[in-house]
Amino acid sequence: MALNVTQKLIQSHLLSGEMKPGEEIGLKIDQTLTQDATGTLVMLELEAMGLERAQTEASAQYVDHNIIQVDSKNPDDHLFLESATRRFGMYYSKAGNGVSHPVHMQRLAKPGKTLLGSDSHTCANGCMGMLAMGAGGIDVAMAIAGEPLYVKMPKVWGIELTGKLPDWVGAKDVILELLRRYDVKGAVGTVIEYYGDGLKYLDAMDRHVIANMGAELGATTSVFPADGEIKRYLKTQKRENDWSEIVADKDATYDINEKIDLSTLEPLIAKPSSPGNVVPVSEVAGEPIYQSYIGSSANPGYNDFAIVAEIVKGKSIAKGVSFDINPSSRQILTDLINEGHITSLLSAGGRLHQAGCNGCIGMGQAPASGRNSLRTTPRNFPGRSGTREDSVFLCGPETAAASVLTGEITDPRTLKMKYPTVSEPKKPTIDIDLLDAPLPLEEAKMVSLYKSKNITSIPEMQPLPDELDVPILLHLGDNVSTDEILAGGARVLPFRSNLQEISKFSFEILDKDYYNRSLALLEDGGHSIVGGFNYGQGSSREHAALAPRFLGLRAVLVKDFARIHWQNLVNFGILPVTFSNPDDFDKLSEGDILSFKNLRESLRNDIAITAKVEAKGLDIPCVHVMSNRQVDIMLAGGLINWVRERAKA
């Protein structure tokens with residue numbers, strides 16, 4: 001049977017289940033990626049499991065999120081992460097090396113491999129012919145320990161690319177076009193696979209841009225073939241021997257089919273406050289801006305910075321505008337310096353920041369209140385920038401560069417200049433020692449974990465009771481993001497390894513009093529949350545499940561879930577159910593008490609679940625889509641308890 005690239009990758013790693021859409025499958029994981037906003041919990045989970053050594057081919061810990069050091073919390077946690085990687089036989093990338101996704105692409109990514117990361121944008125490495133997926137930290141910890149990853153077999157959405165991008169239009173506009181067509185939940189339950197003659201005009205980093213923001217469509221991941229372009233890229237990194245060709249068979253088919261003629265695209269922009277709120281740049285041209293921000297994993301390549309440098313070269317930015325340059329990796333920053341592009345950016349009025357995620361996750365470069373920020377980042381959820389009432393637009397580098405010169409959102413095609421041509425360095429920087437390599441086993445055994453007082457253990461979770469009577473503490477709408485459930489940023493992320501402290505920030509963007517109200521219900525059995533469509537979109541951070549669970553969240557009833565957050569709820573013993581009839585959402589209000597009876601028997605025997613609201617005389621039929629394995633995890637009170645029970649058995 002002819003196979004597409006996705007099917008080849010899954011088939012070669014399939015440990016259990018069948019490749020039928022919707023069925024749970026178990027996959028062997030070759031590589032893992034963690035970063036310092038999520039990695040501390042992963043390392044604590046590995047310690048709790050008693051792991052001797054990572055069982056993957058390569059596992060890497062990156063420090064790219066929490067790099068603002070205003071006190072000892074972040075540097076202390078970095079010492080813990082460094083000690084843990086040495087102890088467990090993993091790679092370590094220190095602060096300043098850059099964003100995990102492009103650095104992993106440069107140094108470790110291999111065609112044909114699976115990659116699981118505790119970061120939702122791990123899918124960016126799908127550009128390398130990998131099956132690269134984001135997940136909650138505890139799923140990554142299990143993979144490091146040698147356990148399979150369990151996911152629902154996705155449909156494969158084939159997108160044929162034809163034509164060539166016109167001047168002033170970039171790879172970011174390709175993925176923005178898909179978001180314009182399908183919004184933020186348009187690819188749920190699918191892997192997006194790109195193919196076609198248009199691929200020959202997209203280099204490896206262009207593909208990285210497109211694969212990265214597949215997460216914003218809700219896709220399980222995005223996949224590109226490992227063709228001659230990927231061989232060329234690996235050769236520039238002196239890793240040509242890591243290349244193997246992986247392309248779709250000639251007669252391969254797809255579950256869903258789509259076409260994009262690249263030659264017809266125009267500059268696009270996502271308006272506040274959703275990556276799916278996409279319109280042509282020309283439609284919002286003239287809006288004044290306060291900030292133009294270049295960088296992030298969504299535009300991390302050398303060309304993404306060099307094209308901006310060429311556009312602003314010899315010019316000055318508009319008065320009153322902050323021009324923020326966030327290099328994506330140490331290697332790329334060195335190349336930009338060597339080629340003179342940093343000089344052009346600084347001379348025009350740019351502010352150079354260290355290589356890392358930085359403002360993309362609200363760690364610095366927050367915009368002024370009431371002003372527009374133009375960013376080449378992947379997300380513009382409310383408050384993600386670090387400013388509570390932010391107004392963030394997402395665009396490509398060409399639009400960001402044009403706009404910083406005029407001080408207002410500007411269609412770059414209207415600039416009175418020829419489109420600059422940019423060539424990659426003939427001798428790109430290659431730092432083969434960028435990552436600290438794993439220690440030999442006997443040496444690793446001698447390493448002790450370094451822990452500061454800010455690192456606390458995960459409290460024990462109780463098994464799921466047979467009955468729940470839980471008041472609705474929040475009644476929320478559609479597309480609630482994990483940034484709204486538990487914010488990132490410089491105030492919050494330093495407590496990522498301290499559950500007691502980080503829980504105080506839960507839902508603060510939506511309800512400033514959630515923390516106190518949840519504590520008041522804790523001794524009476526906790527509470528529930530009701531929501532609309534696409535609940536939990538965005539970041540993979542498991543804190544968005546773990547912190548509310550710590551505060552007594554026992555059940556979430558919504559119209560549907562985003563994939564990773566749904567998995568995180570299961571992993572921490574929070575019952576995730578959906579409305580059988582979505583119209584029942586409107587019958588419920590904050591303060592209603594949801595009563596679930598005979599839960600354990602119902603889950604074990606696949607009996608329908610009903611939430612009763614006795615005060616209103618309502619019976620709300622509910623659906624869960626957990627596998628038998630996940631039901632066992634739920635009954636145990638979460639994945640940690642389940643692992644312990646298996647160990648005892």
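**Why these labels?**

Me: What does "buried" say about Tyr194 and Phe224?
Reply: Both Tyr194 and Phe224 are buried, which means under 20% relative accessible area (over 50% is exposed, in between partly exposed; 1.4 Å probe, protein chains only). This is a predicted model, where local features need pLDDT of at least 70, side-chain atom pairs count only at pLDDT 80 or more, and totals for chains, interfaces and linings use all residues. Residues are numbered from 1 along each chain as its sequence is written, and side-chain values use heavy atoms, with hydrogens and water left out.

Me: Why is the pair of Trp168 and Tyr419 called edge-to-face?
Reply: Rings of Phe, Tyr and Trp (its six-membered ring) pair if their centres lie within 6.5 Å; planes under 30 degrees apart are stacked, over 60 edge-to-face, the rest tilted. By this rule there are eight aromatic pairs. The centres of Trp168 and Tyr419 are 4.8 Å apart and the planes stand at 65 degrees, so this one is edge-to-face.

Me: What makes Trp168 buried?
Reply: Its relative accessible area is 7%, so Trp168 counts as buried.

Me: Why is the pair of Tyr194 and Phe224 called stacked?
Reply: The planes are 10 degrees apart and the centres 4.6 Å, so the pair is stacked.

Me: How do you know that Cys123 is in no disulfide?
Reply: A disulfide needs two cysteine sulfur atoms within 2.5 Å. The nearest cysteine sulfur to that of Cys123 belongs to Cys127, 10 Å away, so Cys123 is in no disulfide. Cys395 is in none either; the nearest cysteine sulfur, that of Cys360, is 13 Å away.

Me: What makes Cys395 buried?
Reply: Its relative accessible area is 0%, so Cys395 is buried.
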